[in-house]
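Reader: Before I rely on labels such as buried, exposed or salt bridge, I would like to see how each one is reached. Could you take me through them with the structure in view?

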Amino acid sequence: MEFDEFVRARGQALLRYGYVLTGNAEDAADLVQEALLKLGDTWTRVRSKDNPEGYVRTIMARQHISWWRRRRREHLTDDLPEGSYHDSHSFGELWNEVRALPRRQRVVIVLRYYEDLSDQEIADILGVSRGTVRSQAARALEKLRVRPGVLEKGKA
């Protein structure tokens, strides 16, 4: 199979794969184009392999990851943001909710999130297993979560 035959036969499938990776038709087209450019350079070597499409898909996945990493880099600026953000909930409400938890759950939450201790360190302090720490934290977080019904009524 020649390169142009491969592109005509599998181009639409590669474009769909690119769309699944990027979630955007324009980025998917760019991704396919870049991958096919790289494939064109190595076609004589790749066409003798069993699965040239798998090779192209690998190129596309790696290229997408590379683009994602470049876009996610932190950009420093000298400009400060306008104004400030104020949370609608006060810390007093949160501490009241934490105080309402059973003693062991409250201790685990405070040690984990306020003191920033690991599960193993908390287990050593409390004299319990690491699994107990994790289950107590899960139960406490479940009780502290805002329920969708509460948000709809405007109580949160």
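What follows is a set of questions and answers about the labels given to some residues here.

Author: This is a predicted model, in which local features need pLDDT of at least 70 and side-chain atom pairs count only at pLDDT 80 or more, while totals for chains, interfaces and linings use all residues. Residues are numbered from 1 along each chain as its sequence is written, and side-chain values use heavy atoms, with hydrogens and water left out.

Reader: What makes glutamate 53 and arginine 10 a salt bridge?

Author: A salt bridge requires a side-chain nitrogen of Lys or Arg within 4 Å of a carboxyl oxygen of Asp or Glu. For glutamate 53 and arginine 10 the closest N and O atoms are 2.6 Å apart, so the pair counts as a salt bridge. This pair links distant parts of the chain, with glutamate 53 in helix 4 (residues 52-71) and arginine 10 in helix 1 (residues 3-22), 43 residues apart; helices here are DSSP runs of H or I with at least four residues, numbered from the N terminus.

Reader: Why is glutamate 53 called buried, and is arginine 10 buried or partly exposed?

Author: Buried means under 20% relative accessible area, exposed means over 50%, and partly exposed lies in between (1.4 Å probe, protein chains only). Glutamate 53 has a relative accessible area of 14% and is therefore buried, whereas arginine 10, with 30%, is partly exposed.

Reader: Which residue of helix 4 also forms a salt bridge with glutamate 53?

Author: Arginine 57 does, the closest N and O atoms being 2.9 Å apart; the two residues lie 4 residues apart in helix 4, about one turn of the helix. Arginine 57 has a relative accessible area of 26%, and so it is partly exposed.

Reader: How do you know that arginine 112 and aspartate 119 form a salt bridge, and why are both called buried?

Author: Their closest N and O atoms are 2.8 Å apart. Arginine 112 has a relative accessible area of 18% and aspartate 119 has 12%, so each meets the definition of buried. Elsewhere, salt bridges that share partners join Arg10, Glu53 and Arg57 into one network.

Reader: Why are the buried residues of helix 7 said to line one face?

Author: In helix 7, Asp119, Ile122 and Ala123 are buried. Seen down the helix axis, the buried residues fall within an arc of 100°, so they line one face of the helix; the arc is that of the directions from the axis to the C-beta atoms. On the other side of helix 7, Asp124 and Ile125 are exposed, and aspartate 124 counts as exposed because its relative accessibility is 55%.
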